[in-house]
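Biologist: Pick one helix in this model and walk me through it slowly, please. I'd like its ends, its surroundings and whatever it packs into.

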Amino acid sequence: MSYVDEVIQEVEKKNPGEPEFHQAVEEVLDSIRPVVEQNEEKFRRDALLERLVNPERQIKFRVPWTDDNGQVHVNTGYRVQFNSAIGPYKGGIRLHPSVNIGIIKFLGFEQIFKNSLTGLPIGGGKGGSDFDPKGKSDREIMAFCQSFMTELCKYIGADTDVPAGDIGTGAREIGYMFGQYKRIRGLFEGVLTGKGLSYGGSLARTEATGYGLLYLTKAMLERNGKDIAGKTVLVSGAGNVAIYATEKATQLGAKVVTVSDSTGWVYDSEGIDLKALKEIKEVKRQRLSEYTKYRPNAEYHEGKGVWSVKADIALPCATQNELTLEDAKMLVANGVFAVAEGANMPTTADATKYLQENGVLFAPGKAANAGGVATSALEMSQNSERLSWSFEEVDGKLHDIMVTLFKHIDEAAARYGFAGNYVVGANIAGFEKVVDAMNAQGIV
């Protein structure tokens with residue numbers, strides 16, 4: 001049995017009941033086989049892959065908080081500090097009922113390679129809780145966030161571990177967490193990113209993941225002789241990533257015709273109305289079923305179906321494993337020629353394989369959605385320098401990072417005989433930097 005297969009088997013044995021983590025590890029290790037095979041004796045002797053797939057530290061803690069009726073609730077908090085070979089741990093905090101240790105490990109493992117691809121000095125980590133912010137008052141959100149940070153603050157810092165937002169964790173939650181960290185530690189430092197502009201946040205951070213997704217998508221299309229202008233685009237999700245992917249796609253001359261949330265999806269043949277979408281989701285925090293009140297000619301459908309519409313490009317921006325094999329077959333049948341992941345691992349493994357086998361250009365999330373964490377790292381730089389850069393300056397740096405990132409994954413894929421396979425290219429390019437740093441620092 002090959003070294004790669006041994007480690008995949010060991011991960012599945014030692015981490016039962018964590019299918020997302022198994023999927024992430026198998027995808028990465030399968031992609032980097034050519035690199036491992038060239039160095040198999042040394043990597044095996046140094047247990048390099050075992051060190052790569054085992055987090056440096058896993059933290060699990062209880063989070064008690066009191067609701068508006070005086071009832072105490074207890075949630076579980078997590079922080080997985082996965083790999084610090086190239087910099088302090090960096091990764092978001094996810095607040096969602098589906099959160100468990102396997103989800104956090106999968107996200108933290110992906111983050112290692114995503115952060116490496118940005119070219120910035122940040123390691124991989126992730127955190128979160130099974131707390132559901134939906135339907136909670138601001139005071140209840142604050143109570144949870146303060147309790148969560150009371151424990152988490154023992155393990156993070158500007159040069160140790162710098163969390164950020166993720167699903168369920170926006171500017172409001174980051175603000176409450178930062179306030180509690182400062183209160184307990186007595187430090188005003190860049191320990192969290194995604195902060196408000198009045199206390200150290202960065203312009204363009206809100207837009208960064210969605211914008212970065214489109215910068216990379218445009219670069220991928222141009223590399224393959226195509227143009228994004230005039231194309232019809234499907235977007236799933238209606239959160240931060242989906243909204244700003246829709247905005248940037250529209251600015252680049254494409255027409256986005258779908259968005260979705262956990263209850264249903266919208267089809268607007270004239271193009272999604274960004275003003276209405278932002279009003280519904282960012283201001284009123286309502287369901288997408290409200291969209292037809294703004295655009296009576298649009299269609300709202302309960303349940304799933306966003307991938308059933310005829311289009312040119314698909315951008316899954318909701319959550320993991322949302323795009324299945326059946327969805328991939330519909331996309332191919334309907335003429336989609338490019339898929340770029342705005343969410344983390346939103347396409348199942350068999351769907352990814354089907355899309356690639358049918359000639360669809362495919363950009364994996366660890367590359368395509370790296371704009372968010374890249375801009376978080378730019379926020380860290382501004383905090384360290386006690387400076388605030390303009391929107392144009394940050395957006396320009398983000399654009400350059402994403403174009404350079406695509407160039408690196410394209411070159412890595414070609415170098416190992418997988419030209420055009422950007423999944424392999426992303427994993428190899430991300431891995432090469434991390435393994436160099438791990439080897440340089442000894443067996444730690």
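Modeller: What follows is a close look at one helix, then at its neighbours, with a second helix alongside at the end.

A word on the ground rules: this is a predicted model, so local features need pLDDT of at least 70 and side-chain atom pairs count only at pLDDT 80 or more, while totals for chains, interfaces and linings use all residues. Residues are numbered from 1 along each chain as its sequence is written, and side-chain values use heavy atoms, with hydrogens and water left out.

Let's take α18, residues 422-440 (helices are DSSP runs of H or I, at least four residues, numbered from the N terminus). From first C-alpha to last, its 19 residues reach 27 Å, close to the 27 Å expected at 1.5 Å a residue (that is, 1.5 Å times one less than the number of residues).

Now the ends. At the start of α18, Asn421 brings a side-chain oxygen to within 3.2 Å of the backbone nitrogen of Val423. After the helix comes Gly442, with a positive phi near 80°.

As for cover, 14 of the 19 residues of α18 are buried (under 20% relative accessible area with a 1.4 Å probe, protein chains only). Where do they go? α18 has a stake in the largest nonpolar core, which has 92 residues (buried Ala, Val, Leu, Ile, Met, Phe, Trp, Tyr and Cys joined through side-chain atoms within 4.5 Å). In fact, α18 gives the most to this core, with 10 residues. Phe431, which falls within α18, is among the residues with the most contacts inside the core, along with Leu29, Leu49, Phe109, Leu315 and Ile409. Leu29, for one, touches Val4, Val7, Ile8, Leu49 and Val53, leaving aside residues up to four places away in sequence (contact means heavy atoms within 4.5 Å). Apart from this core lies another, of 22 residues, including Val63, Phe131, Phe144 and Val191.

Back at the start of α18, Val423 is also touched by Thr352, which reaches Thr347 and Phe362 too, again not counting residues up to four places away. Thr352 sits in helix α14, residues 349-357, and counts as buried because its relative accessibility is 12%.

For a side-by-side view, try α9, residues 205-223, which also has 19 residues and reaches 27 Å. This helix bends by about 30° at Tyr211 (the angle between axes fitted to the seven residues ending there and the seven starting there). With 15 of its 19 residues buried, α9 is largely enclosed by the rest of the structure. Just after α9, Gly225 takes a positive phi of about 75°.

Methods
Helices (H or I, at least four residues) and strands (E, at least two) are DSSP runs, numbered from the N terminus. Buried means under 20% relative accessible area, exposed over 50%, partly exposed in between (1.4 Å probe, protein chains only). A polar contact is a pair of N or O atoms within 3.5 Å; within protein, one must be able to donate a hydrogen and the other to accept it, and residues adjacent in sequence count only if both atoms are side-chain atoms.
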